[in-house]
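Welcome! Let us take a walk through this structure together, one part at a time.

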Amino acid sequence: MAIGATIHTFTVQLSDVDRGVYDELSIRVARHPSETDAYMLTRVLAYCLEYEEGIDFSEGISATDEPAVLVRDLTGALVAWIEVGAPDAARLHTGSMKAARTAVYTHRDPDKVAAPWAGKRIHRGDEVLLRSFDAGFVERMAGHIERRSTATLTRTEGRIYLELNGVSDETDIHTRPAA
């Protein structure tokens, strides 16, 4: 846990119809003082939307050799490298070399996030997925985060419906390859 981090707890009722994943999650998130609410919510959304056995958060900004979210199999081997925000091409290249699956979740403009990757070497770049949400969605919902938050997250047909501490909103998940 990062020094000076604030612990947030999310209780999430997850219904991912697209993947057939239904579970109640209790997620503890260490929020570093430099981390925005929007970034933290994007981390939580990435965790939920990628949820499977072996998923975990990394050590955060102090873990320079790990992504924000990762998935390991029962042997400890890295299965998925999931970045949040706007990682550089070198991190994506490294992640794609280390894991079978690599994805980026961003609350920013995906065109601006992907622009610096153009012409850069990213291993299996056409398989690295950049996922984003409708403009303003994450920022609107991030304003409703509390230290202890309850949420219901439903994904169906590429659209998510999020109820966070009594406030509801919805968005499409926009997906495109990094390269």
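A good place to begin is helix 1, which is largely enclosed by the rest of the structure, because 11 of its 13 residues are buried. Please keep in mind as you look that this is a predicted model. The helix runs over residues 37-49 and reaches 18 Å from its first C-alpha to its last, close to the 18 Å expected at 1.5 Å a residue. Its buried residues are Ala38, Met40, Leu41, Thr42, Arg43, Val44, Leu45, Ala46, Tyr47, Cys48 and Leu49.

What does this helix do for the nonpolar interior? The largest nonpolar core has 38 residues, and Phe10, Val12, Ile27, Leu45, Phe133 and Leu153 touch the most other members. Helix 1 gives the most to this core, contributing 9 residues. Apart from this core lies another one, made of 10 residues, including Val113, Ile122, Leu130 and Ala178.

Phe133 deserves a look of its own. Setting aside residues up to four places away in sequence, Phe133 touches Thr42, Leu45 and Leu49, among others. The list of its partners also includes Tyr105, Val138, Ile160 and Ile173.

Now turn to the aromatic rings, of which the structure holds 4 pairs. One of these is formed by Tyr47 and Phe57, which are stacked, with 4.9 Å from centre to centre and 25 degrees between the planes. Tyr47 belongs to helix 1 and Phe57 to strand 3 (residues 55-57), so the pair ties together parts that are 10 residues apart in sequence. Are these two residues buried or exposed? Tyr47 counts as buried at 12% relative accessibility, and Phe57 is buried too, with a relative accessible area of 12%. Together with Tyr51, the two form one aromatic cluster. Phe57 has a charged companion as well: Arg43 lies over the face of its ring, at 5.1 Å from the ring centre.

Another arginine to find is Arg131, in strand 7 (residues 129-133). With 16% relative accessibility, Arg131 counts as buried. Which side chains does it reach through polar contacts? One is that of Tyr105, at 3.3 Å, and another is that of Thr175, at 3.5 Å. Beyond its neighbours within four places in sequence, Arg131 is in contact with residues including Glu50, Ala103, Ile173 and His174.

Next comes Met141, which sits in helix 4 (residues 137-142). Met141 is buried, and its relative accessible area is 1%. Here you can see how the fold brings distant parts of the chain together: Met141 and Ala38 are 103 residues apart along the chain, and their C-alpha atoms are separated by 8.1 Å. When neighbours within four places in sequence are left aside, Met141 is in contact with Leu41, Leu162, Leu164, Val167, Ser168 and Asp169.

The last stop is Thr102, placed in strand 6 (residues 101-106). Thr102 is buried, with a relative accessible area of 3%. Where does its side chain reach? It comes to the backbone nitrogen of Ser96, at 3.4 Å. Not counting residues up to four places away in sequence, Thr102 touches Trp81, Leu92, Gly95, Ser96, Glu127, Val128 and Leu129.

Conventions:
Residues numbered from 1 in each chain as written. Predicted model: local features only at pLDDT ≥ 70, side-chain atom pairs only at ≥ 80, totals over all residues. Heavy atoms only, no water. Helix = DSSP H or I, 4+ residues; strand = E, 2+ residues; numbered from the N terminus. Expected span 1.5 Å × (residues − 1). Buried < 20%, exposed > 50% of the residue type's maximum accessible area, 1.4 Å probe, protein only. Core = buried A, V, L, I, M, F, W, Y, C linked by side-chain atoms within 4.5 Å. Contact = heavy atoms within 4.5 Å. Phe/Tyr/Trp six-rings, centres within 6.5 Å; stacked < 30°, edge-to-face > 60°. Lys NZ or Arg CZ within 6 Å of the ring centre and 35° of its normal. Polar contact = N/O pair within 3.5 Å; in protein donor to acceptor, adjacent residues only side chain to side chain.
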